[in-house]
Amino acid sequence: MNTPEIHSHLDALAALPGISACALADPETGMVLFMSGGHEHMEPLVETATDYWRLYTRLQNHFDKLGPLQTCAMIHAHGMLTLAPCGTTMIMVTITHRMQIDWKAWQEEVTQIAALMG
């Protein structure tokens, strides 16, 4: 795992317009491995957001006909929380403050980080 390169890509992801912060987390434990951006409550939000992912994991057989989950987005009154698989065992948690995000650029950074994670 190339930690400086992961940090570099996380910083690039967090710098995209409309993104407040992002983090790489272990969905099993809720532990935050890497984080970037300026959201004041990011760490507890990421730890709690992994519960969304565990719920999907527990119930995924109900969604089999739709295929594997690629991205999960929850729109709240003051921001949007987006979860996506990143590598084989981690998830990317992104908090945005508006919906006009360059999702292609977001996906490119997440894909780069996933490749570094293995």
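**Reading a predicted α/β chain: a tutorial dialogue**

A: Ala-23 is located in strand E1. The model containing this residue is a predicted one, and Ala-23 will serve as the point of entry.

Q: Is Ala-23 buried or exposed, and which residues does Ala-23 touch beyond its sequence neighbours?

A: Ala-23 is buried, its relative accessible area being 0%. Once residues up to four places away in sequence are set aside, Ala-23 touches Val-32, Phe-34, Met-35, Met-42, Val-46, Ile-91, Met-92 and Val-93. Two of these names, Met-42 and Val-46, return below among the buried residues of H2.

Q: What confidence does the predictor assign to the chain, and where is confidence lowest and highest?

A: The general caution is that predicted coordinates should not be read in detail where pLDDT is low. Here the chain has an average pLDDT of 90, and 99% of the residues score at least 70. Confidence is lowest in H2, with a mean of 89, and highest in E5, with a mean of 94.

Q: How many helices and strands does the chain have, and what pattern do they follow along the sequence?

A: The chain comprises three helices and five strands. Along the sequence they follow the pattern α-β-β-α-β-β-β-α. The radius of gyration of the chain is 13 Å, close to the 13 Å that the globule rule gives for 118 residues, so the chain is as compact as a globular protein of that length. Along the principal axes, the C-alpha atoms occupy a box of roughly 35 × 35 × 25 Å.

Q: What share of the residues is buried, and what share of the contacts joins residues at least 24 apart?

A: Of the 118 residues in the chain, 42% are buried. Among contacts between residues at least 6 apart in sequence, 53% join residues at least 24 apart.

Q: How should a helix such as H1 be read: which of its residues are buried, and what do they pack against?

A: The general idea rests on periodicity: an α-helix has 3.6 residues a turn, so residues three or four places apart point the same way. In H1, the buried residues are Ile-6, His-9, Leu-10, Leu-13 and Ala-14. They cover an arc of only 135° around the axis, which puts them on the same side of H1. These buried residues pack against E1, E2, E5 and H3. As for length, the twelve residues of H1 (residues 3–14) should span 16 Å at 1.5 Å a residue, and the end C-alpha atoms are 16 Å apart, in agreement.

Q: Which residues of H2 are buried, and which exposed residues lie on the face turned away from them?

A: Met-42, Val-46, Ala-49, Thr-50, Trp-53 and Tyr-56 are the buried residues of H2. Their arc around the axis is only 120°, which puts them on the same side of H2. The cover over these residues includes strands E1 (19–25), E2 (32–37), E4 (79–86) and E5. On the face turned away from the buried side, H2 carries the exposed residues Thr-48 and Arg-58. The 18 residues of H2 should span 26 Å at 1.5 Å a residue, which agrees with the 26 Å between its end C-alpha atoms.

Q: How many salt bridges are counted, and which side chains form them?

A: Side chains of opposite charge can pair when their charged atoms come close. The count here is two salt bridges.

In one, the side chains of Arg-54 and Asp-51 meet at 2.1 Å, N to O. These residues are three apart in helix H2 (residues 42–59), which separates them by about one helical turn. Arg-54 is partly exposed, at 24% relative accessible area, and Asp-51 is partly exposed as well, at 43%.

In the other, the side chains of Glu-108 and Lys-104 meet at 4.0 Å, N to O. Both lie in helix H3 (residues 103–117), four residues apart, about one turn of the helix. Glu-108 is partly exposed, with a relative accessible area of 45%, whereas Lys-104 counts as exposed at 61%.

Q: Where is Ile-101 found, and what is Ile-101 in contact with?

A: Ile-101 is found in the loop between strand E5 (90–96) and H3. Ile-101 is buried, with a relative accessible area of 9%. Apart from neighbours within four places in sequence, Ile-101 is in contact with Pro-17, Gly-18, Ile-19 and Thr-96.

Q: How should sequence separation be read against spatial separation, taking Ile-101 with Cys-86 and with Ala-23?

A: Ile-101 and Cys-86 are 15 residues apart in sequence, and their C-alpha atoms are 19 Å apart in space. Ala-23 and Ile-101 are 78 residues apart along the chain, and their C-alpha atoms are separated by 17 Å.

How values were computed. Residues are numbered from 1 along each chain as its sequence is written. This is a predicted model: local features need pLDDT of at least 70, side-chain atom pairs count only at pLDDT 80 or more; totals for chains, interfaces and linings use all residues. Side-chain values use heavy atoms; hydrogens and water are left out. Helices (H or I, at least four residues) and strands (E, at least two) are DSSP runs, numbered from the N terminus. Buried means under 20% relative accessible area, exposed over 50%, partly exposed in between (1.4 Å probe, protein chains only). Contact means heavy atoms within 4.5 Å. pLDDT is the predictor's confidence in each residue, from 0 to 100. The expected span of a helix is 1.5 Å times one less than its number of residues. The arc is that of the directions from the helix axis to the C-beta atoms. The radius of gyration is taken over C-alpha atoms; the globule rule is 2.2 Å times the number of residues to the power 0.38.
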